[in-house]
Amino acid sequence: MQDHAVTRRQFLRYASALAAASVSAQLMGGALNVAQADDPMEQESRAILDEGLNWVTKDSAERVCARIARGGFNVFIPCVWHGRGTIWPSKLAPWDSHNARAQGFDPLGNLLQTAERYHIEVHPWFTVSLRQREFFQEFYDSGTPAERFDVHRESFREFMYSLIFEVAATYPVRGINLDFVSAGGICDSPWCVEDYRRQTGRNLLVDRQIRRVPGWDMKELIAWQAAAVTDLVKRISVSCRRANPNIVISMSGDPVHPLLRIEGHDSAKWADDGLIDVLYNMHYEPTPDFGVLKAIQAAMKRPEAMVVGIGNYEEATASSPVRSREPAHLAALIRTTRNIQQGNGVAIYLYSMLNDAQIETLRADVFTSAATPRWIRAPRLPQPHGLKVLP
(Lines give C-alpha, C1' and ligand atoms only; values in the text may rest on other atoms or scores of the structure.)
Protein backbone atom coordinates (compact mmCIF):
# COMPACT_ATOMS: atom_id res chain seq x y z
CA MET A 1 0.00 0.00 0.00
CA GLN A 2 1.20 3.49 -0.78
CA ASP A 3 2.70 5.34 2.17
CA HIS A 4 0.45 8.25 3.13
CA ALA A 5 2.51 9.54 6.07
CA VAL A 6 2.55 13.32 6.38
CA THR A 7 5.57 15.11 7.85
CA ARG A 8 5.33 18.08 10.20
CA ARG A 9 6.83 20.26 7.46
CA GLN A 10 4.02 19.16 5.15
CA PHE A 11 1.47 20.01 7.84
CA LEU A 12 2.78 23.54 8.05
CA ARG A 13 2.97 23.94 4.28
CA TYR A 14 -0.61 22.80 3.82
CA ALA A 15 -1.73 25.00 6.70
CA SER A 16 -0.23 28.07 5.09
CA ALA A 17 -2.25 27.45 1.94
CA LEU A 18 -5.39 26.75 3.92
CA ALA A 19 -5.06 29.92 5.96
CA ALA A 20 -5.83 31.95 2.86
CA ALA A 21 -8.79 29.70 2.06
CA SER A 22 -10.17 30.25 5.55
CA VAL A 23 -10.82 33.90 4.76
CA SER A 24 -13.39 32.96 2.13
CA ALA A 25 -14.96 30.48 4.53
CA GLN A 26 -15.39 33.23 7.13
CA LEU A 27 -16.95 35.55 4.58
CA MET A 28 -19.64 32.96 3.87
CA GLY A 29 -21.14 33.84 7.24
CA GLY A 30 -22.14 31.71 10.22
CA ALA A 31 -25.20 30.23 11.81
CA LEU A 32 -27.59 32.31 13.85
CA ASN A 33 -26.75 32.84 17.51
CA VAL A 34 -30.21 33.54 18.91
CA ALA A 35 -33.68 34.06 17.57
CA GLN A 36 -34.62 37.58 16.55
CA ALA A 37 -37.96 38.85 17.82
CA ASP A 38 -38.91 40.37 14.47
CA ASP A 39 -38.02 37.31 12.37
CA PRO A 40 -41.25 35.73 11.09
CA MET A 41 -39.69 32.31 10.43
CA GLU A 42 -39.43 29.82 13.26
CA GLN A 43 -35.88 29.26 14.51
CA GLU A 44 -34.88 25.75 15.53
CA SER A 45 -31.96 23.56 14.52
CA ARG A 46 -33.30 20.28 13.17
CA ALA A 47 -30.39 17.97 12.46
CA ILE A 48 -30.17 14.53 10.90
CA LEU A 49 -26.99 12.44 10.80
CA ASP A 50 -25.87 10.28 7.87
CA GLU A 51 -23.21 7.67 8.58
CA GLY A 52 -23.34 6.26 5.06
CA LEU A 53 -22.37 7.43 1.59
CA ASN A 54 -25.86 8.38 0.51
CA TRP A 55 -24.85 11.81 -0.85
CA VAL A 56 -21.56 11.33 -2.73
CA THR A 57 -22.85 11.73 -6.30
CA LYS A 58 -24.67 14.66 -7.88
CA ASP A 59 -27.93 12.75 -8.12
CA SER A 60 -27.77 11.29 -4.62
CA ALA A 61 -26.89 14.65 -3.04
CA GLU A 62 -29.94 16.16 -4.74
CA ARG A 63 -32.15 13.33 -3.52
CA VAL A 64 -30.89 13.50 0.07
CA CYS A 65 -31.32 17.26 0.32
CA ALA A 66 -34.79 17.14 -1.22
CA ARG A 67 -35.95 14.41 1.17
CA ILE A 68 -34.66 15.95 4.37
CA ALA A 69 -35.92 19.40 3.37
CA ARG A 70 -39.36 17.93 2.77
CA GLY A 71 -39.22 16.31 6.21
CA GLY A 72 -38.44 19.67 7.82
CA PHE A 73 -34.75 19.20 8.60
CA ASN A 74 -32.40 22.14 8.12
CA VAL A 75 -29.05 20.69 9.28
CA PHE A 76 -27.35 17.73 7.60
CA ILE A 77 -24.46 15.96 9.38
CA PRO A 78 -22.75 13.67 6.83
CA CYS A 79 -19.84 11.44 7.84
CA VAL A 80 -16.83 12.55 5.79
CA TRP A 81 -14.21 10.56 7.75
CA HIS A 82 -15.03 7.09 9.07
CA GLY A 83 -11.46 6.01 9.67
CA ARG A 84 -11.11 4.80 6.06
CA GLY A 85 -10.12 7.95 4.19
CA THR A 86 -11.75 11.19 3.07
CA ILE A 87 -14.87 12.09 1.07
CA TRP A 88 -13.18 15.23 -0.22
CA PRO A 89 -9.95 15.71 -2.23
CA SER A 90 -7.50 15.99 0.66
CA LYS A 91 -3.82 16.89 0.68
CA LEU A 92 -3.37 14.94 3.91
CA ALA A 93 -5.10 11.58 3.42
CA PRO A 94 -6.28 9.18 0.69
CA TRP A 95 -9.85 8.79 -0.50
CA ASP A 96 -12.26 6.67 1.53
CA SER A 97 -11.72 3.04 0.59
CA HIS A 98 -15.51 2.52 0.36
CA ASN A 99 -15.98 5.33 -2.16
CA ALA A 100 -14.55 5.05 -5.64
CA ARG A 101 -13.03 8.39 -6.57
CA ALA A 102 -14.85 10.20 -9.36
CA GLN A 103 -12.32 11.87 -11.64
CA GLY A 104 -12.40 15.61 -11.05
CA PHE A 105 -15.44 15.39 -8.73
CA ASP A 106 -15.60 16.73 -5.17
CA PRO A 107 -18.48 15.05 -3.29
CA LEU A 108 -18.33 17.41 -0.30
CA GLY A 109 -18.10 20.53 -2.43
CA ASN A 110 -21.05 19.38 -4.51
CA LEU A 111 -23.10 18.58 -1.39
CA LEU A 112 -22.49 22.06 -0.01
CA GLN A 113 -23.65 23.68 -3.23
CA THR A 114 -26.73 21.47 -3.36
CA ALA A 115 -27.61 21.97 0.31
CA GLU A 116 -27.38 25.74 -0.06
CA ARG A 117 -30.21 25.67 -2.60
CA TYR A 118 -32.37 23.87 -0.04
CA HIS A 119 -31.35 26.22 2.82
CA ILE A 120 -29.71 23.33 4.67
CA GLU A 121 -26.58 23.74 6.78
CA VAL A 122 -23.88 21.09 6.37
CA HIS A 123 -21.84 20.05 9.42
CA PRO A 124 -19.26 17.40 8.33
CA TRP A 125 -18.89 14.52 10.78
CA PHE A 126 -15.54 12.98 11.79
CA THR A 127 -15.07 9.71 13.72
CA VAL A 128 -11.97 11.03 15.41
CA SER A 129 -10.08 8.00 16.75
CA LEU A 130 -11.83 5.25 14.77
CA ARG A 131 -9.67 3.31 12.30
CA GLN A 132 -11.24 1.02 9.71
CA ARG A 133 -8.34 0.59 7.32
CA GLU A 134 -4.70 -0.48 7.49
CA PHE A 135 -3.09 2.89 6.85
CA PHE A 136 -1.19 5.63 8.69
CA GLN A 137 0.58 2.87 10.58
CA GLU A 138 2.77 5.36 12.40
CA PHE A 139 -0.29 6.31 14.48
CA TYR A 140 -0.94 2.90 16.09
CA ASP A 141 0.62 -0.49 16.80
CA SER A 142 -0.32 -3.92 18.12
CA GLY A 143 -0.97 -2.55 21.61
CA THR A 144 -3.41 0.14 20.47
CA PRO A 145 -7.10 -0.64 21.15
CA ALA A 146 -8.67 -2.49 18.24
CA GLU A 147 -9.71 -0.41 15.23
CA ARG A 148 -8.42 2.80 16.80
CA PHE A 149 -5.63 5.27 16.32
CA ASP A 150 -3.49 5.96 19.38
CA VAL A 151 -4.66 9.27 20.88
CA HIS A 152 -1.60 9.35 23.13
CA ARG A 153 0.70 9.98 20.18
CA GLU A 154 1.08 13.68 19.55
CA SER A 155 1.78 12.92 15.90
CA PHE A 156 -1.74 11.47 15.55
CA ARG A 157 -3.31 14.43 17.34
CA GLU A 158 -1.50 16.80 14.96
CA PHE A 159 -2.68 14.79 11.98
CA MET A 160 -6.31 14.60 13.05
CA TYR A 161 -6.80 18.25 13.93
CA SER A 162 -4.99 19.22 10.70
CA LEU A 163 -7.35 16.98 8.72
CA ILE A 164 -10.42 18.59 10.30
CA PHE A 165 -8.92 22.05 9.90
CA GLU A 166 -8.47 21.32 6.20
CA VAL A 167 -12.25 21.00 5.82
CA ALA A 168 -13.09 23.93 8.10
CA ALA A 169 -10.69 26.24 6.25
CA THR A 170 -11.37 25.09 2.69
CA TYR A 171 -15.17 24.75 2.62
CA PRO A 172 -18.00 27.09 3.69
CA VAL A 173 -19.26 24.60 6.27
CA ARG A 174 -21.43 25.92 9.10
CA GLY A 175 -20.33 23.34 11.65
CA ILE A 176 -18.12 20.36 12.49
CA ASN A 177 -19.34 17.24 14.30
CA LEU A 178 -16.98 15.02 16.29
CA ASP A 179 -17.60 11.37 17.20
CA PHE A 180 -15.53 8.51 18.66
CA VAL A 181 -13.78 11.10 20.82
CA SER A 182 -12.04 8.70 23.19
CA ALA A 183 -9.09 6.33 23.39
CA GLY A 184 -11.31 3.35 22.53
CA GLY A 185 -9.83 1.24 25.33
CA ILE A 186 -6.58 1.09 27.28
CA CYS A 187 -3.41 0.95 25.22
CA ASP A 188 -0.76 -1.52 26.45
CA SER A 189 2.03 -1.00 23.92
CA PRO A 190 5.60 -0.32 25.11
CA TRP A 191 5.16 3.23 23.83
CA CYS A 192 2.08 3.80 26.02
CA VAL A 193 3.63 2.05 29.02
CA GLU A 194 6.58 4.45 28.90
CA ASP A 195 4.36 7.49 28.34
CA TYR A 196 2.19 6.52 31.33
CA ARG A 197 5.26 5.97 33.53
CA ARG A 198 6.67 9.34 32.50
CA GLN A 199 3.44 11.19 33.23
CA THR A 200 2.21 9.38 36.36
CA GLY A 201 5.17 7.47 37.78
CA ARG A 202 3.03 4.32 37.73
CA ASN A 203 3.01 1.00 35.85
CA LEU A 204 0.33 0.97 33.17
CA LEU A 205 0.26 -2.82 32.85
CA VAL A 206 -0.40 -3.17 36.57
CA ASP A 207 -3.00 -0.41 36.71
CA ARG A 208 -4.69 -1.86 33.63
CA GLN A 209 -5.17 -5.16 35.45
CA ILE A 210 -6.26 -3.80 38.85
CA ARG A 211 -8.76 -1.30 37.48
CA ARG A 212 -11.56 -3.72 38.43
CA VAL A 213 -10.48 -3.92 42.07
CA PRO A 214 -13.31 -2.48 44.22
CA GLY A 215 -12.43 0.87 45.72
CA TRP A 216 -9.72 1.85 43.27
CA ASP A 217 -10.77 5.14 41.69
CA MET A 218 -8.43 4.83 38.68
CA LYS A 219 -7.76 8.56 38.87
CA GLU A 220 -4.27 8.35 37.38
CA LEU A 221 -5.41 6.13 34.51
CA ILE A 222 -8.46 8.25 33.76
CA ALA A 223 -6.44 11.49 33.97
CA TRP A 224 -3.83 10.10 31.57
CA GLN A 225 -6.48 9.15 29.03
CA ALA A 226 -8.40 12.40 29.44
CA ALA A 227 -5.29 14.56 29.05
CA ALA A 228 -4.57 13.15 25.58
CA VAL A 229 -8.17 13.27 24.35
CA THR A 230 -8.77 16.75 25.77
CA ASP A 231 -5.61 18.03 24.07
CA LEU A 232 -6.97 16.76 20.76
CA VAL A 233 -10.36 18.42 21.35
CA LYS A 234 -8.61 21.71 22.17
CA ARG A 235 -6.52 21.57 19.00
CA ILE A 236 -9.62 20.93 16.88
CA SER A 237 -11.63 23.64 18.64
CA VAL A 238 -8.98 26.34 18.43
CA SER A 239 -7.98 25.64 14.82
CA CYS A 240 -11.53 25.37 13.46
CA ARG A 241 -12.58 28.58 15.19
CA ARG A 242 -9.51 30.24 13.78
CA ALA A 243 -10.63 29.16 10.30
CA ASN A 244 -14.19 30.37 10.94
CA PRO A 245 -15.12 32.15 14.21
CA ASN A 246 -18.82 31.43 13.57
CA ILE A 247 -18.43 27.68 13.16
CA VAL A 248 -20.58 25.42 15.38
CA ILE A 249 -18.58 22.58 16.94
CA SER A 250 -20.76 19.69 18.05
CA MET A 251 -19.93 16.33 19.56
CA SER A 252 -21.82 13.04 19.69
CA GLY A 253 -21.34 11.02 22.83
CA ASP A 254 -22.54 10.01 26.28
CA PRO A 255 -21.00 12.20 28.98
CA VAL A 256 -21.60 9.79 31.89
CA HIS A 257 -21.01 6.37 30.33
CA PRO A 258 -18.52 4.60 32.67
CA LEU A 259 -16.55 2.92 29.89
CA LEU A 260 -16.22 6.15 27.94
CA ARG A 261 -15.02 7.88 31.11
CA ILE A 262 -12.17 5.35 31.42
CA GLU A 263 -11.36 6.05 27.77
CA GLY A 264 -10.90 9.79 28.40
CA HIS A 265 -14.29 10.99 27.10
CA ASP A 266 -15.43 14.04 29.08
CA SER A 267 -17.89 15.78 26.77
CA ALA A 268 -19.94 17.55 29.47
CA LYS A 269 -16.79 19.24 30.76
CA TRP A 270 -15.69 20.13 27.23
CA ALA A 271 -19.08 21.79 26.70
CA ASP A 272 -18.87 23.59 30.04
CA ASP A 273 -15.34 24.76 29.24
CA GLY A 274 -16.45 26.13 25.88
CA LEU A 275 -14.42 23.75 23.72
CA ILE A 276 -17.58 22.54 22.00
CA ASP A 277 -20.83 24.39 21.37
CA VAL A 278 -23.29 21.50 21.23
CA LEU A 279 -23.27 18.12 22.97
CA TYR A 280 -25.47 15.53 21.29
CA ASN A 281 -26.19 13.03 24.06
CA MET A 282 -27.04 10.08 21.84
CA HIS A 283 -29.80 7.72 23.00
CA TYR A 284 -31.47 5.59 20.36
CA GLU A 285 -33.51 3.34 22.65
CA PRO A 286 -37.32 3.35 22.23
CA THR A 287 -37.84 5.10 25.57
CA PRO A 288 -34.77 7.01 26.81
CA ASP A 289 -34.63 7.77 30.53
CA PHE A 290 -35.35 11.46 30.16
CA GLY A 291 -35.25 11.96 33.93
CA VAL A 292 -31.59 10.92 34.01
CA LEU A 293 -30.85 13.00 30.92
CA LYS A 294 -32.40 16.10 32.48
CA ALA A 295 -30.32 15.53 35.62
CA ILE A 296 -27.14 15.41 33.52
CA GLN A 297 -28.18 18.61 31.81
CA ALA A 298 -29.04 20.34 35.09
CA ALA A 299 -25.56 19.59 36.45
CA MET A 300 -23.86 21.32 33.52
CA LYS A 301 -22.62 24.90 33.63
CA ARG A 302 -23.88 25.25 30.07
CA PRO A 303 -27.10 23.20 30.08
CA GLU A 304 -28.11 24.82 26.80
CA ALA A 305 -25.29 22.88 25.11
CA MET A 306 -26.96 19.48 25.58
CA VAL A 307 -29.34 18.04 23.01
CA VAL A 308 -30.72 14.51 23.30
CA GLY A 309 -30.02 12.76 20.01
CA ILE A 310 -32.72 10.16 19.32
CA GLY A 311 -32.95 7.27 16.89
CA ASN A 312 -35.50 6.80 14.12
CA TYR A 313 -35.09 3.02 13.99
CA GLU A 314 -35.64 -0.09 16.11
CA GLU A 315 -32.77 -2.46 16.83
CA ALA A 316 -32.86 -5.99 15.48
CA THR A 317 -34.34 -8.66 17.72
CA ALA A 318 -34.55 -12.43 17.53
CA SER A 319 -37.83 -12.08 15.66
CA SER A 320 -37.30 -8.98 13.50
CA PRO A 321 -34.52 -7.15 11.63
CA VAL A 322 -33.49 -3.53 12.08
CA ARG A 323 -36.41 -1.43 10.94
CA SER A 324 -37.53 2.19 10.74
CA ARG A 325 -39.33 3.42 13.85
CA GLU A 326 -43.07 4.02 13.71
CA PRO A 327 -43.56 7.65 12.57
CA ALA A 328 -45.90 8.55 15.45
CA HIS A 329 -43.37 7.23 17.98
CA LEU A 330 -40.60 9.26 16.34
CA ALA A 331 -42.73 12.41 16.46
CA ALA A 332 -43.47 11.82 20.14
CA LEU A 333 -39.77 11.45 20.92
CA ILE A 334 -39.04 14.71 19.11
CA ARG A 335 -41.68 16.51 21.16
CA THR A 336 -40.10 15.23 24.38
CA THR A 337 -36.56 16.17 23.40
CA ARG A 338 -37.81 19.55 22.23
CA ASN A 339 -39.08 20.18 25.78
CA ILE A 340 -35.63 19.38 27.18
CA GLN A 341 -33.42 21.29 24.77
CA GLN A 342 -32.56 24.86 25.73
CA GLY A 343 -31.70 26.45 22.43
CA ASN A 344 -29.79 24.03 20.22
CA GLY A 345 -32.67 22.17 18.65
CA VAL A 346 -33.19 18.48 17.99
CA ALA A 347 -31.15 15.72 16.34
CA ILE A 348 -32.10 12.43 14.66
CA TYR A 349 -29.91 9.42 13.83
CA LEU A 350 -29.99 7.95 11.09
CA TYR A 351 -30.67 9.17 7.53
CA SER A 352 -30.57 5.67 6.00
CA MET A 353 -33.54 4.69 8.22
CA LEU A 354 -35.57 7.79 7.32
CA ASN A 355 -38.48 6.40 5.31
CA ASP A 356 -41.18 8.27 3.44
CA ALA A 357 -43.79 7.61 6.13
CA GLN A 358 -41.57 9.32 8.72
CA ILE A 359 -40.98 12.26 6.38
CA GLU A 360 -44.69 12.82 5.84
CA THR A 361 -45.51 12.50 9.55
CA LEU A 362 -42.77 14.94 10.57
CA ARG A 363 -43.91 17.37 7.90
CA ALA A 364 -47.51 17.20 9.14
CA ASP A 365 -46.74 17.11 12.88
CA VAL A 366 -43.62 18.34 14.70
CA PHE A 367 -42.01 20.10 11.72
CA THR A 368 -45.15 21.68 10.27
CA SER A 369 -43.61 25.16 10.15
CA ALA A 370 -40.42 25.82 8.24
CA ALA A 371 -37.48 26.80 10.44
CA THR A 372 -34.03 28.28 10.13
CA PRO A 373 -31.20 26.84 12.30
CA ARG A 374 -30.64 28.47 15.68
CA TRP A 375 -27.54 27.89 17.78
CA ILE A 376 -26.37 29.01 21.18
CA ARG A 377 -22.61 28.92 20.93
CA ALA A 378 -20.10 28.73 23.75
CA PRO A 379 -18.23 31.94 24.56
CA ARG A 380 -15.13 32.19 22.37
CA LEU A 381 -12.15 31.69 24.67
CA PRO A 382 -8.54 32.82 24.20
CA GLN A 383 -6.10 30.24 22.91
CA PRO A 384 -5.11 27.90 25.78
CA HIS A 385 -1.62 28.54 27.12
CA GLY A 386 1.00 26.30 25.57
CA LEU A 387 -1.32 24.79 22.97
CA LYS A 388 0.35 24.32 19.60
CA VAL A 389 -1.98 25.00 16.68
CA LEU A 390 -1.48 25.58 13.01
CA PRO A 391 -0.24 29.10 12.13
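In this predicted model, R235 and D231 pair up in a salt bridge, with their closest N and O atoms 2.6 Å apart. Both residues sit in helix α7, which covers residues 219-243. They are four residues apart, or about one turn of that helix. That spacing fits a simple rule: an α-helix has 3.6 residues a turn, so residues three or four places apart point the same way. Neither partner is out on the surface, as R235 is buried and D231 is too.

The pair in α7 belongs to a total of 26 salt bridges in the structure. Another one links the side chains of R380 and D277, again with 2.6 Å from N to O. Here the partners come from separate places: R380 is in the segment after β13 (371-372), while D277 is in the loop between α9 (267-272) and β8 (278-283), so the bridge ties together parts that are 103 residues apart in sequence. The two ends also have their own surroundings. R380 is partly exposed, since its relative accessible area is 33%, whereas D277 is buried at 0%.

A further salt bridge joins R325 to E314, whose closest N and O atoms are 2.8 Å apart. R325 belongs to the loop between β11 (323-324) and α11 (327-340), and E314 to strand β10 (residues 313-314), so this bridge ties together parts that are 11 residues apart in sequence. Both R325 and E314 are buried. Elsewhere, E42, E44, R46 and R338 are joined into one network by salt bridges that share partners.

Next comes helix α3, residues 107-117. Eight of its 11 residues are buried, so the helix is largely enclosed by the rest of the structure. The buried ones are P107, L108, G109, N110, L111, L112, T114 and A115. And what do the buried residues of α3 pack against? Their neighbors are two helices, α2 (58-71) and α4 (154-170), plus two strands, β3 (75-81) and β4 (121-122). At the N-terminal end of α3, D106 acts as a cap, with one of its side-chain oxygens 3.2 Å from the backbone nitrogen of L108. After α3 comes H119, which has a positive phi, near 60 degrees.

Helix α6 (residues 204-210) shows two kinds of setting. V206 lies in this helix and is partly exposed, with a relative accessible area of 43%. Together with I210 and V213, V206 forms a nonpolar patch on the surface, and the three share about 210 Å² of accessible area. D207 is in α6 as well, but D207 is buried, with a relative accessible area of 2%. Its side chain makes a polar contact with the side chain of R202, at 2.7 Å. Leaving aside residues up to four places away in sequence, D207 touches Y196, R202 and W216.

Finally, the cysteines. A disulfide is a covalent bond between the sulfur atoms of two cysteines. The count for this structure comes to one disulfide, and it joins C187 to C192 with 2.3 Å from S to S. The link between C187 and C192 is right-handed, with 95 degrees about the S-S bond. Both ends are tucked away: C187 is buried at 3% relative accessibility, and C192 is buried at 0%. Two other cysteines are hidden too, as C65 is buried with a relative accessible area of 1% and C240 is buried at 0%.

Technical notes: Residues are numbered from 1 along each chain as its sequence is written. This is a predicted model: local features need pLDDT of at least 70, side-chain atom pairs count only at pLDDT 80 or more; totals for chains, interfaces and linings use all residues. Side-chain values use heavy atoms; hydrogens and water are left out. Patches are made of residues with over 30% relative accessible area and no salt bridge: like charges are joined within 9 Å, nonpolar side chains (Val, Leu, Ile, Met, Phe, Trp, Tyr) within 5 Å. Accessible areas come from the Shrake-Rupley method with a 1.4 Å probe; for residues, only the protein chains shown count as cover. A salt bridge is a side-chain nitrogen of Lys or Arg within 4 Å of a carboxyl oxygen of Asp or Glu. Buried means under 20% relative accessible area, exposed over 50%, partly exposed in between (1.4 Å probe, protein chains only). Contact means heavy atoms within 4.5 Å. A polar contact is a pair of N or O atoms within 3.5 Å; within protein, one must be able to donate a hydrogen and the other to accept it, and residues adjacent in sequence count only if both atoms are side-chain atoms. A disulfide is a pair of cysteine sulfur atoms within 2.5 Å.
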